[in-house]
Amino acid sequence: MNKNNLKPFILLSILPLIYLANTLETALFMGLVYVVLALIIYAGGLLINKFSEGRMRSYAYILLTASIVTIIMTVLGTYFSLNQLMGIYLALTIFTIPQLRLETVEEKSILDHGFMILVGFVALVLIGFLREFLGTGSISLLAFGLDTVQVFDAKFGIAILKDNSGGFILAGFIFAIINAIPFVKEDKADVI
């Protein structure tokens, strides 16, 4: 599949997580969880596709996704203090991944899925970084043992980026840039 056709799927795969990605630290954490869950769901989806078809395939995807998200959120909730909405948004995100494997869509390889997940992770981390940096003027990675770095005073920050709507506005700009970048050079057709 042409990697340029994956751009809408990248947007859909991380859209629910943008709501919570208000700091770099949160975006990194959610991005890593997203990558792990997406790879597990993709591997499970390969087994589901091999052994089921039709409506049973959809039901199997739903059960697989719900059980894996529940298990991961229980394990993560044991070791980390999580936003209660994170499980809901992860479930919404992960439910979009099986939808990308519809029979009407050209089959994607594992490299295409890996590429889509990687670009989604980078976009999510970039959104979290820009929201924190431009909104507060500082970057903090306390969970990683780094102190807060204050670049400019918070009163000069863009206040809307601290709100959830600012994340979606910033995501619109980032997705516009992603759509402008050609992932694969397309052949020029002769126009006569």
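Which hand does the crossing of α1 and α5 have, left or right? Keep that in mind while we look around this predicted model.

## The overall layout

Let's start with the big picture. The protein has 192 residues, and 40% of them are buried. You'll find 6 helices and 2 strands in it. If you walk along from the N terminus, the elements come in the order α-α-α-α-α-β-β-α.

## How α1 meets α5

Here is a handy idea before we go on. A pair of packed helices is described by two things: the angle between their axes and the distance between those axes.

Now for the pair in the opening question. Helix α1 covers residues 7–14, and helix α5 covers residues 110–136. They pack at about 55 degrees, and their axes are 9 Å apart. That angle makes α1 oblique to α5. As for the hand, the crossing of α1 and α5 is right-handed.

## How α5 meets α6

Helix α5 also crosses helix α6, which spans residues 164–180. Their axes come within 10 Å, and the crossing angle is roughly 130 degrees. So α5 counts as oblique to α6, because an angle only becomes roughly antiparallel when it is over 145 degrees. The crossing of α5 and α6 is right-handed.

While you're looking at α5, pick out Leu-134, which sits in that helix. Leu-134 has a relative accessibility of 27%, so it counts as partly exposed; the cut-off for buried is under 20%. Leu-134 and Leu-161 are 27 residues apart along the chain, yet their C-alpha atoms are separated by 7.2 Å.

## Along helix α3

Next stop: helix α3, which runs over residues 55–79. Tyr-59 has its place in this helix. With a relative accessible area of 42%, Tyr-59 is partly exposed. Count 11 residues along the chain between Tyr-59 and Ile-48, and you'll find their C-alpha atoms separated by 10.0 Å.

Val-75 belongs to α3 too. Its relative accessible area is 44%, so Val-75 is partly exposed, since exposed would take over 50%.

## A nonpolar patch on the surface

Which residues join Val-75 in a nonpolar patch? They are Ile-71, Tyr-79 and Phe-80. This patch is on the surface, and together its residues have about 460 Å² of accessible area. Try finding Val-75 in α3, then look for the other patch members, Ile-71, Tyr-79 and Phe-80.

Terms used: Residues numbered from 1 in each chain as written. Predicted model: local features only at pLDDT ≥ 70, side-chain atom pairs only at ≥ 80, totals over all residues. Heavy atoms only, no water. Patch = residues over 30% accessible without salt bridge, like charges linked within 9 Å, V, L, I, M, F, W, Y side chains within 5 Å. Areas by Shrake-Rupley, 256 points an atom, 1.4 Å probe, with all protein chains shown as cover. Salt bridge = Lys/Arg side-chain N within 4 Å of Asp/Glu carboxyl O. Helix = DSSP H or I, 4+ residues; strand = E, 2+ residues; numbered from the N terminus. Buried < 20%, exposed > 50% of the residue type's maximum accessible area, 1.4 Å probe, protein only. Axes fitted to C-alpha atoms, helices over the stretch in contact; angles between N-to-C directions. Parallel < 35°, antiparallel > 145°, perpendicular 65-115°, else oblique. Left-handed = near helix turned anticlockwise from the far one by under 90°.
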